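Please go through the report below with the sequence and the structure side by side. It takes up the sheets, the helix packing, the nonpolar cores and one residue in turn.

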Amino acid sequence: MSFSDSETSSHGTEYRNFKHVSRDRLLHEMLGSSGSGDSRSSWKVLIMDKVTVKVMSSTCKMADITDQGVSLVEDLFRRRQPLPTMDAIYFIQPSKENVVMFLSDMSGREPLYRKAYVYFSSPIPKDLVARIKNDTSVIPRIGALGEMNLEYFPIDSQGFVTDHERALEELFGESAQNSRRTDACLNVMATRIATVFASLKEFPFVRYRAPKGRDGSTTNFRELVPEKLATAIWNNITMYRSSIPNFPQKETCELLILDRSVDQIAPVIHEWTYDAMCHDLLDMDGNKYVHEVPSKSGGPPEKKEVLLEDQDPVWLELRHTHIADASERLHDRFTNFVSKNKAAQMEQRDGGELSTRDLQKMVQALPQYNEQKERLSIHVEIAGELNKVIKETGLRELGQLEQDLVFGDAGTKEMIHFLRTKQDTAGENKLRLMMIYASVYPEKFEGDKAAKLMQLAKLSPEDMKAVKNMRMLEGSEKRKASSGSFSLKFDSQKKGKAARQDRTGEEETWQLFRFYPVIEELVEKMCKGDLPKDDYQCMNSPQPATREVNGSSARNAPPKTAESTNPRSVRSRRTPNWARSRTSDDGYSSDSNLRSFSTDFKNMGQRIFVFIIGGATRSELRVCHKLTSKLRREVVLGTTSLDDPPQYITKLKLLSEKELSVDSLRI
């Protein structure tokens with residue numbers, strides 16, 4: 001009986017992405033650790049609690065679990081049938097309640113299971129270990145007792161959440177006055193983030209967005225949250241460094257901790273990629289899209305659920321592309337697919353006699369044809385629905401104004417003109433526009449100016465609370481001016497302020513594809529060693545950005561930043577024709593420059609982790625994929641929750657305007 005962790009380091013010869021490592025650990029280290037591995041001659045029971053069920057379901061499919069010999073999945077706290085001839089694998093949190101329940105299952109004359117293999121999702125306190133060891137009837141029945149140190153929830157091949165949906169409210173709102181509750185939230189968050197590094201065998205430089213006011217000026221609690229979280233994460237990682245076998249003793253990656261105030265435009269601006277628009281404009285339940293299909297019995301249409309996830313190659317290809325690009329690609333794919341697919345051609349014949357050879361070809365092609373046709377048809381339907389919503393809601397004109405405000409090409413005059421002439425615009429869209437305007441022109445919301453704007457936009461006081469709380473979340477004026485988050489530079493050729501500057505060397509391919517989140521600049525600066533040290537402090541002392549790599553592999557040193565070599569065509573953002581045709585070499589596969597998900601991970605530099613407290617956006621997740629290819633370093637996004645605009649606005653309304661003093665805080 002021993003506490004153990006993965007012997008497989010991410011620094012080996014075979015580079016595996018973040019989610020792949022997580023999946024392999026659960027399936028092979030834990031589920032494959034008992035009995036005869038993947039043989040089904042000895043079936044097992046898997047027992048989990050509410051948190052570990054989420055961990056498992058976000059990482060593995062049921063088929064993956066079954067392939068490891070698990071025939072039954074049980075809830076730890078539900079009454080279970082005794083299965084004394086079967087082994088049980090416990091994947092649970094190291095809490096007192098869970099340990100008591102486990103001991104109850106396995107103690108006494110007649111335990112529920114033959115043997116127990118127990119794995120904890122995070123470090124177990126010594127007193128609970130002692131409690132297990134003191135039960136002499138249970139000890140002989142334990143086949144393994146270990147710490148998996150895996151308590152995060154992958155949402156993407158390069159993204160995870162800590163499942164803190166109320167982080168904004170608990171850490172930045174009125175409830176933050178309860179220091180015990182706030183500390184508990186941060187401690188659980190830090191534990192879960194630290195298990196990411198334990199799983200991947202990574203030892204990070206821990207950087208965080210520093211609070212202002214260290215020179216004696218006022219610092220409120222909200223500005224101290226990243227520092228407190230960084231400290232708690234560092235304490236956990238320091239413990240791992242001394243307790244996990246083969247854990248790196250020198251830094252192998254970089255972690256940057258931010259809070260949502262670093263970029264308040266990204267959560268509300270309309271993002272024009274296929275993925276973001278699906279979740280923003282369609283009534284989806286997570287990744288589930290519900291559509292109608294003809295009834296096989298000839299009755300009314302039936303509803304069918306489709307998961308938009310990594311297992312769908314069409315989704316993987318299109319999710320980060322502009323909606324116009326996605327629409328045209330789908331049209332081309334479907335047209336080419338039907339014209340080249342044997343079974344499709346046969347289906348389109350007008351009842352003519354088919355030769356035996358034709359029938360054989362059709363039968364051979366039919367299974368693949370049906371699957372691919374259905375997959376393409378679903379995405380054609382979704383893209384059509386999105387384009388319909390865009391047209392009906394006048395979203396193109398609204399989106400143009402949003403981006404013009406952000407980049408300084410429009411100001412108050414254009415804002416007021418839009419509100420007066422487009423009064424039928426949905427209230428939520430006008431609110432989002434107002435929030436962008438408030439980020440760029442905070443002075444326009446001083447005194448009674450906000451009330452006049454609210455009246456013009458016909459927004460309710462409840463809606464305007466989101467605008468006020470957004471500005472409150474930003475912190476002090478000094479912080480905004482010096483943090484680099486909002487580059488309020490002036491240009492004589494522009495109409496006003498700019499919250500973003502155009503990216504040098506990045507030509508636009510599609511209209512309304514100009515916006516980028518702040519983290520794109522921050523990650524690139526961190527990669528070059530250009531992050532301002534006063535604004536982004538480090539828990540451990542980093543070496544210079546350009547390090548000696550003699551005798552070491554490229555995996556352990558950041559490569560030089562290189563511009564993307566993918567071909568891009570220039571298109572003005574002003575052109576009314578926002579889409580252009582594309583062709584493919586076949587009816588189904590992606591273009592070569594969009595095979596972003598077959599990224600060659602060989603010779604990758606050190607990983608970069610970015611954690612955003614208070615929720616992240618799909619545009620920020622997209623940027624992490626983009627930078628992975630551009631920088632040749634896997635960029636992993638972590639956050640408390642992944643929020644679409646309606647969710648973020650709802651959470652923002654729950655915040656209080658009451659400030660907290662630093663005196664009431666325990667650091």
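## The mixed sheet

In this predicted model, an open sheet is built from seven strands whose order is β6-β7-β14-β13-β9-β8-β12, and the pairing within this sheet is mixed. Its edges are formed by β6 (153-156) and β12, each of which pairs on one side only. On average, and with direction ignored, neighbouring strands of this sheet are turned by 25 degrees against each other.

At the β6 edge, strand β7 (residues 159-161) pairs with β6 in the antiparallel sense over three bridges, and phenylalanine 153 stands opposite valine 161 in β7. Helix α1 lies across β6, β7 and β14 (635-639), and the direction of α1 runs at about 140 degrees to that of β6.

## Strand β8 and its two partners

Towards the other edge, β8 pairs in the parallel sense with strand β9 (residues 253-259) over five bridges, and within this pairing phenylalanine 205 has glutamate 254 of β9 as its bridge partner. With strand β12 (residues 536-538), by contrast, β8 pairs in the antiparallel sense over three bridges, and here the bridge partner of arginine 209 is tyrosine 536.

How many of the residues of strand β8 (residues 204-209) are buried? Six of the six are, so β8 is largely enclosed by the rest of the structure. Both faces of the strand are covered, since Pro204, Val206 and Tyr208 are buried on one side, and Phe205, Arg207 and Arg209 are buried on the other. The two arginines of β8, Arg207 and Arg209, are thus found on one face together with Phe205.

## The parallel sheet

A second arrangement is an open sheet of five strands, which follow the order β2-β1-β3-β4-β5 and pair in parallel. The strands at its edges are β2 (70-75) and β5 (142-147), and each of these pairs on one side only. From one strand to the next, the twist of this sheet averages 15 degrees. Strand β1 (residues 44-48) is joined to β2 by five bridges in the parallel sense, and the residue of β2 that serves as bridge partner to leucine 46 is valine 73.

## Aspartate 87 in strand β3

Aspartate 87 belongs to strand β3 (residues 87-92). Is this residue buried or exposed? Aspartate 87 has a relative accessible area of 5%, and because residues under 20% count as buried, it is classed as buried.

Leaving out residues up to four places away in sequence, aspartate 87 touches Trp43, Lys44, Val45, Arg114, Lys115 and Tyr117. The C-alpha atom of aspartate 87 is also separated by 8.3 Å from that of serine 42, although the two residues are 45 residues apart along the chain.

## Packing of helices α1 and α7

Helix α1 (residues 18-30) packs against helix α7 (residues 179-200) at an angle of about 80 degrees, and the axes of the two helices are 10 Å apart. Angles of 65 to 115 degrees count as roughly perpendicular, and α1 and α7 are therefore roughly perpendicular to each other.

In this contact, Phe18, Val21 and Arg25 of α1 meet Val196, Ser199 and Leu200 of α7. Sorted by class, the residues that take part are four nonpolar, one polar and one charged.

## The nonpolar cores

The largest nonpolar core holds 128 residues, and the members that touch the most other members are Met56, Phe91, Leu229, Tyr274, Met434 and Met435. Helix α7 supplies the largest share of this core, with 10 residues. Apart from this core lies another, of 24 residues, which includes Tyr90, Ile92, Val138 and Leu145.

For tyrosine 274, the contacts beyond its neighbours within four places in sequence are with Trp315, Leu318, Arg319, Thr321, Ile323, Ala326, His379, Ile382, Ala383 and Leu386.

## The protein as a whole

The protein has 22 helices and 14 strands, and buried residues make up 55% of its 667 residues. Among contacts between residues at least 6 apart in sequence, 81% join residues at least 24 apart.

Note on methods:
Residues numbered from 1 in each chain as written. Predicted model: local features only at pLDDT ≥ 70, side-chain atom pairs only at ≥ 80, totals over all residues. Heavy atoms only, no water. Axes fitted to C-alpha atoms, helices over the stretch in contact; angles between N-to-C directions. Helix = DSSP H or I, 4+ residues; strand = E, 2+ residues; numbered from the N terminus. Parallel < 35°, antiparallel > 145°, perpendicular 65-115°, else oblique. Contact = heavy atoms within 4.5 Å. Nonpolar A, V, L, I, M, F, W, Y, C, P; charged D, E, K, R; others polar. Core = buried A, V, L, I, M, F, W, Y, C linked by side-chain atoms within 4.5 Å. Buried < 20%, exposed > 50% of the residue type's maximum accessible area, 1.4 Å probe, protein only. Pairing = 2+ DSSP bridges.
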